Amino acid sequence: MVRNAAGELVDNSKVGLRLTLTAGQNGEAVYQETHTPTTNNYGVLNVIVGTGTHANGQSLQNVNW
């Protein structure tokens, strides 16, 4: 559920989202991608990791899981 700074639902709106995978004790970013999904009537959104726009780090296929 997406909410704004006032705690109100952000419904039926396009939002910017950045997903970051981190590794190690210092939380080094090893992969990062961005998405611009649209929320539904309840402020909920769905994205699939790996389908966004690559933003930083190595490719998702090279992440050491």
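Hi everyone. Let me start with a definition: a residue counts as exposed when its relative accessible area is over 50%, as buried when that value is under 20%, and as partly exposed in between. A5 comes out at 91% relative accessibility, so A5 counts as exposed. Please keep in mind throughout that we are looking at a predicted model.

Let's begin at the front of the chain. A5 sits in the segment before strand 1. If you pick out A5 and T51 together, you'll find them 46 residues apart in sequence, with 27 Å between their C-alpha atoms.

L9 belongs to the segment before strand 1 as well. With a relative accessible area of 36%, L9 is partly exposed. Which residues does L9 join in a nonpolar patch on the surface? The patch is made of M1, L9, Y42 and V44, and together these residues have about 430 Å² of accessible area.

One more stop in this segment: N12, which is also found before strand 1. N12 is not a glycine, and yet its phi is positive, at about 50°. Its relative accessibility is 47%, so N12 counts as partly exposed.

Now to the sheet. In general, the strands of a sheet pair through backbone hydrogen bonds, and they can do so in a parallel or an antiparallel way. Here, 3 strands make up an open sheet, ordered 1-2-3, with antiparallel pairing. Why is one side of strand 1 and of strand 3 left without a neighbour in the sheet? Strand 1 and strand 3, the latter covering 53-57, stand at the edges and have a single partner strand each, so one side of each has no neighbour there. Going from one strand to the next, the twist averages 20°.

Let's take the pairs in turn. Strand 1 and strand 2, which spans residues 28-35, run antiparallel and are joined by 7 bridges. You can walk along this pairing on your screen. L19 has E33 as its bridge partner in strand 2. T20 stands opposite Q32, again in strand 2. For L21, the partner in strand 2 is Y31.

How many residues lie between the strands in the hairpin of strand 1 and strand 2? There are 4, and in this hairpin G24 takes a positive phi near 80°.

On to the other pairing. Strand 2 and strand 3 also run antiparallel, joined by 4 bridges. Here E33 stands opposite H54 of strand 3. That is the E33 we just met as the bridge partner of L19.

Still in strand 3, have a look at A55. Its relative accessible area is 42%, so A55 is partly exposed. Leaving aside residues up to four places away in sequence, A55 touches Q32, E33 and T34. The C-alpha atoms of A55 and Y31 are separated by 7.8 Å, although 24 residues lie along the chain from one position to the other.

Let's step into the loop between strand 2 and strand 3, where we find I48. Is I48 buried or exposed? I48 has a relative accessible area of 58%, so it is exposed. Beyond residues up to four places away in sequence, I48 touches E33 and H35. From C-alpha to C-alpha, I48 and H35 are 9.3 Å apart, and in sequence they are 13 residues apart.

Last stop: the segment after strand 3, which is where W65 is found. At 73% relative accessibility, W65 counts as exposed. What does W65 touch, not counting residues up to four places away in sequence? The answer is L21 and L60. L21, you may remember, is the residue whose bridge partner in strand 2 is Y31. W65 and A23 are 42 residues apart in sequence, and their C-alpha atoms are 9.3 Å apart in space.

To recap, please take home two things. The open sheet has 3 strands in the order 1-2-3, paired antiparallel. And on the surface, M1, L9, Y42 and V44 form a nonpolar patch. Thanks for listening!

Technical notes. Residues are numbered from 1 along each chain as its sequence is written. This is a predicted model: local features need pLDDT of at least 70, side-chain atom pairs count only at pLDDT 80 or more; totals for chains, interfaces and linings use all residues. Side-chain values use heavy atoms; hydrogens and water are left out. Patches are made of residues with over 30% relative accessible area and no salt bridge: like charges are joined within 9 Å, nonpolar side chains (Val, Leu, Ile, Met, Phe, Trp, Tyr) within 5 Å. Accessible areas come from the Shrake-Rupley method with a 1.4 Å probe; for residues, only the protein chains shown count as cover. A salt bridge is a side-chain nitrogen of Lys or Arg within 4 Å of a carboxyl oxygen of Asp or Glu. Helices (H or I, at least four residues) and strands (E, at least two) are DSSP runs, numbered from the N terminus. Buried means under 20% relative accessible area, exposed over 50%, partly exposed in between (1.4 Å probe, protein chains only). Two strands pair if DSSP finds at least two bridges between them. Axes are lines fitted to C-alpha atoms, for helices over the stretch in contact, and angles run from 0 to 180 degrees between N-to-C directions. Contact means heavy atoms within 4.5 Å.
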